[in-house]
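Open the model in your viewer and keep the selection panel at hand. The tour goes stop by stop.

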Amino acid sequence: MKNIKSYFAFLTVFALIFTSCSEDETGIDSPTEKATLSFEAIVADLAENSTNRQSTTGDIPECSDAAPSYVEVVLMQGSEYILGEDAPFRVDLAAGQVFTEDNAALELVPGNYTLEHFAVYDAQGNLTWIAPKGGNLAGFVDAPLPMNIELGAGVKKYVDVSVLCYDDRDVNQYGYQFFEFDTTKAFEFCFFANYCEPNGRHFPARYSVEISIDGKVIYDAEENINTVGVNGQGDNYADPSCFALPDLAKYADDDEYIDYTITLLDWDGVYDAPENQVITGSLSRNEIKANFDGDNNVDYEHLKFGCDGDNGSGDGDDDGTGDGDDDGTDDGDDDGSGDGDDNAVAEGCDTAYMVGDNRLNALGLYNGNNWGWGLILDEDSFDDEFYVGNGVWRFPFHAGAGQNDTSNGWEAGHIVITKNGSTLEVDFDLYEGVTLKESHIYVGSEWPESRAPGQFDLGTDTFTVGEGAQYIIVHAEVCGTDEN
């Protein structure tokens, strides 16, 4: 990489309140709630102060002599795009000046915003300055993006945004992906994986993810390994891995333009991964959208290493968080009630839960709108409806019951719970024509931490429990092979 003169640029963001005068000055009863952002560029030569930082990154970017012409920004409020959802939003600079022209789109109500993208261009459309948000050049600025901006009514707020000169190096050194300069509209997509040993014991998996487009790696495996750990109950858990995947208009809806490679990794103290356990696949826009569950939730792509004869290939049929039928609303049906009026088995596969006395979405176990039940089993208050006797309970097991409404789906059978002293067993008693594709069982002294069913899987159906109430969740994917 060439050694060149070093410059740094600082961009100052001005928050101007249009009508911030007092009531006496304007004769208006109350101030308007609108505020306006204006961008002004101030360039400073900081080469003499860059020696220490330069030693950690090699050389630093070369500045262009071209005059800045406009800026492009992406501004968000929470998860909502305010500016730049489909492409970064352009704001022109005033002629011969270093501040932006007035723009109606920058009239904003007071509140908290996040600046996610900030770049400066010359009149020919060449990128000249950029605010880093990661990569090995982020250390050259005190506050890389994303940057929080709080706009208050009646207040003129000035926010400095540090920018670096941009040369012809890869944008990922500034913490950006290449597609962010063609489009900022992206899909969130998440992976979760299980690993099954040959003896049948299965675990949440530790794995790396590499994603590429047309052979160009946009997420590197060495930098994208999911988080694993041990929760407060001493159980192993693994987090999903989520990525922003670009919605590139040049590809048709069914073109599989995004390629992924998932590699199973060792998990110290939990399991030793066999060699060459790799799952590969490709995704199209339609396949990505198929994992959307309403406007505010994305289901996981659930992959399995060595499970059910998979031998390292993921079928992607199960999202690990629900079947997508649920919108999270309460239909008013009583919890824990299985109607039992129609035990017809449906064809196809569905997510199923043991009916319980607590809705999982009401417990906050899911970030999105997924359905399902949890059960509190207390021997001191036997449930006459489901208690068989001699420490045995039989609970309805419902599939496809979106919104926790059992009339939406079908009854796949029963879950039989047997407690003998400190041993608690969970068994599946399925109706004829129903097969069990996979299962996830949780038993503990309190509800699990907030995570999807595949993550609270403890890899067993027999548990050692203490005295007092037991918190139980039984989730599975079941398939009906017979309409009757």
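Select Arg394 in this predicted model. Arg394 is partly exposed, at a relative accessible area of 30%. Now add Asp429, which forms a salt bridge with Arg394; the closest N and O atoms are 2.8 Å apart. Asp429 sits in strand E27 (residues 423-430) and Arg394 in strand E25 (residues 392-399), so the pair ties together parts 35 residues apart in sequence. Asp429 counts as partly exposed too, at 33% relative accessibility. In total, the model has six salt bridges.

**Next stop: Arg285**

Select Arg285, Asp247 and Asp253. A network of salt bridges links the three residues. Arg285 meets Asp247 at 2.6 Å, N to O. Asp247 lies in the loop between strand E17 (241-246) and E18, while Arg285 lies in helix H3 (residues 285-289), so this contact ties together parts 38 residues apart in sequence. Then look at the side chains of Arg285 and Asp253, which meet in a salt bridge of 2.9 Å, N to O. Asp253 is also in the loop between E17 and E18, so its pairing with Arg285 in helix H3 ties together parts 32 residues apart in sequence.

Which of these side chains are buried? Asp247 and Arg285 both are. Arg285 has 5% relative accessibility. Asp253, at a relative accessible area of 39%, is partly exposed.

**Next stop: an open sheet**

Switch to cartoon. Four strands run in the order E14-E13-E18-E19, with antiparallel pairing. Strand E14 (216-219) and strand E19 (278-283) are the edges, each pairing on one side only. Neighbouring strands are turned by 25 degrees against each other on average, direction ignored. Zoom in on strand E18 (residues 258-264): six bridges join E18 to E19 in the antiparallel sense. Asp259 stands opposite Ser282 in E19.

**Last stop: the rings**

There are 15 aromatic pairs in the model. Select Tyr70 and Tyr121. Their ring centres are 5.1 Å apart and their planes are at 5 degrees, so this pair is stacked. Tyr70 belongs to strand E3 (residues 68-77) and Tyr121 to strand E7 (residues 111-122), 51 residues apart. Both tyrosines, Tyr70 and Tyr121, are buried. Add Arg90: it lies over the face of Tyr70, 3.7 Å from the ring centre.

Move to Phe189 and Phe191. Here the centres are 5.2 Å apart and the planes stand at 75 degrees, so the pair is edge-to-face. Phe189 is buried at 1% relative accessibility, and Phe191 is buried with a relative accessible area of 1%. Extend the selection to Tyr219, Phe243 and Tyr260: ring pairs link these with Phe189 and Phe191 into a cluster.

Methods. Residues numbered from 1 in each chain as written. Predicted model: local features only at pLDDT ≥ 70, side-chain atom pairs only at ≥ 80, totals over all residues. Heavy atoms only, no water. Phe/Tyr/Trp six-rings, centres within 6.5 Å; stacked < 30°, edge-to-face > 60°. Helix = DSSP H or I, 4+ residues; strand = E, 2+ residues; numbered from the N terminus. Buried < 20%, exposed > 50% of the residue type's maximum accessible area, 1.4 Å probe, protein only. Lys NZ or Arg CZ within 6 Å of the ring centre and 35° of its normal. Pairing = 2+ DSSP bridges. Axes fitted to C-alpha atoms, helices over the stretch in contact; angles between N-to-C directions. Salt bridge = Lys/Arg side-chain N within 4 Å of Asp/Glu carboxyl O.
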